[in-house]
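Hello,

Here is the structure I promised to pass on to you. Have a look at it first, and then read on for what turned up in it.

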Amino acid sequence: MLWFQKLREHGPLSSTYLHAFSMHLRRSEKRARDRLTDLFHETNTPHNGAYLDRPWQQFQTYDARYQDLVADLTPAAEQALKDADLWSVYGHSHAGPWIHKHMVACITASIVLATLQDSNLTYIPGSTILERAQASLRYTVPFKNPKAGKMEKIDLIPDALFGLEYSNGGKKSYRFFLVEADRASEPSRATKFNRKSHLRNILQYREYVGGGLYKQHLKLTAGLLVLNVTTSEQTMRKMIELTSEVSPRGNTYMLFQCAGEFGRFFKPPKPILNLATHRWRRAELDDIDIVSA
């Protein structure tokens, strides 16, 4: 059930990630893989079907047969969560290609696993935040189209949302995060502004975060940062340059990091703990880390 909850919270994850979440219950990684195999094959279950799927897209990846197997929920597992009162309608609903969904799942799951190693940090799932606000992650943001010189209204749909609770000397503080994952597939600037691009993202977040729209949307009073994760150093530099162009005095809330694990020759990665522990780049400002309050 813990594995089902993590798959619902994050999206498709490999056996290495799922075992990392359950190590405090069972230490053997081989036994965990065997159990995941059982949950994939066994169809004679109380919920009339196998509990785990192995998405076919992973077998088109680099050396697929020699990599960790990635699992996702089946309708039977979803029903098991509902019967146990562990289902949230605000769970993950990542759009786009399967590899993109897996990338987003690995980003948020890696950050969770990093927080589990620090007793002063507590991860707050996006579903908890959205349920409290009674909101969806989609939000229509008005912003100025620099080409047309007029105001536009286009939906902003981040890839993920989560929060961190920091404990320091008995005092608690909070910070919240949106995730934008890019496999170097989005253009820096688009000919048509209704196509998603790095520039459009930056302009929308200037209104949504910089203009404080998120406070009304998500019912938050603490700060919100945007974690931009891309697969290419060159793409990351371009994104930072664009952010500097829009905010020449510096931008406090757009953070950037490169994760080459999701590059051209993709294979399911091991947990990327440095997404939490390494410092994040900013435009015209010093790098920061997200695990310090």
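R8 lies over the face of W87, 3.9 Å from the centre of the ring. K82 also sits over the face of W87, at 4.9 Å from the ring centre. Please keep in mind as you browse that this is a predicted model.

Next, the aromatic rings. How many aromatic pairs does a search of the whole structure find? The search gives five. In one of the pairs, the ring centres of Y139 and Y208 are 5.6 Å apart and the planes make an angle of 55 degrees, so this pair is tilted. This pair links distant parts of the chain: Y139 belongs to strand β5 (residues 139-145) and Y208 to helix α7, with their positions 69 residues apart.

Y208 is worth a second look on your screen. Is Y208 buried or exposed? Y208 is buried, with a relative accessible area of 2%. Y208 also pairs with Y214: the ring centres are 6.4 Å apart and the planes are at 55 degrees, so that pair is tilted. Y214 is buried, as is Y208. Elsewhere, Y123, F162 and F177 form one aromatic cluster.

Now for the empty spaces inside. The structure holds two cavities of 30 Å³ or more, and the largest has a volume of about 80 Å³. Which residues line the largest cavity? The lining is made up of E180, A181, D182, E186, K196, H198, N201, I202, N228, M239, M254 and F256. Three elements give two or more residues each to this lining: β8 (171-182), α7 (198-210) and β10 (254-258). Helix α7 is therefore a good place to start looking, as α7 holds Y208 of the tilted pair with Y139 and also contributes to the lining of the largest cavity. By class, the lining of the largest cavity has five nonpolar, three polar and four charged residues.

The second largest cavity holds about 30 Å³ of space. To find it in the viewer, select Q58, F59, T61, A64, Q67, D68, L69 and P268, which line the second largest cavity. Of the residues in that lining, four are nonpolar, three are polar and one is charged.

Enjoy exploring, and write back whenever you like.

Best wishes

Notes. Residues are numbered from 1 along each chain as its sequence is written. This is a predicted model: local features need pLDDT of at least 70, side-chain atom pairs count only at pLDDT 80 or more; totals for chains, interfaces and linings use all residues. Side-chain values use heavy atoms; hydrogens and water are left out. On a 1 Å grid over the protein atoms alone, a cavity is a set of points where a 1.4 Å probe fits but cannot get out, and a pocket is an open set with protein on both sides within 12 Å along at least five of seven lines; lining residues have an atom within 4 Å of a point. Grid points are joined across faces, edges and corners, and a volume is the space filled by probe spheres set on the points. Helices (H or I, at least four residues) and strands (E, at least two) are DSSP runs, numbered from the N terminus. Ala, Val, Leu, Ile, Met, Phe, Trp, Tyr, Cys and Pro count as nonpolar, Asp, Glu, Lys and Arg as charged, and the others, Gly among them, as polar. Rings of Phe, Tyr and Trp (its six-membered ring) pair if their centres lie within 6.5 Å; planes under 30 degrees apart count as stacked, over 60 as edge-to-face and the rest as tilted. Buried means under 20% relative accessible area, exposed over 50%, partly exposed in between (1.4 Å probe, protein chains only). A charge sits over a ring if NZ of Lys or CZ of Arg is within 6 Å of the ring centre and within 35 degrees of the ring normal.
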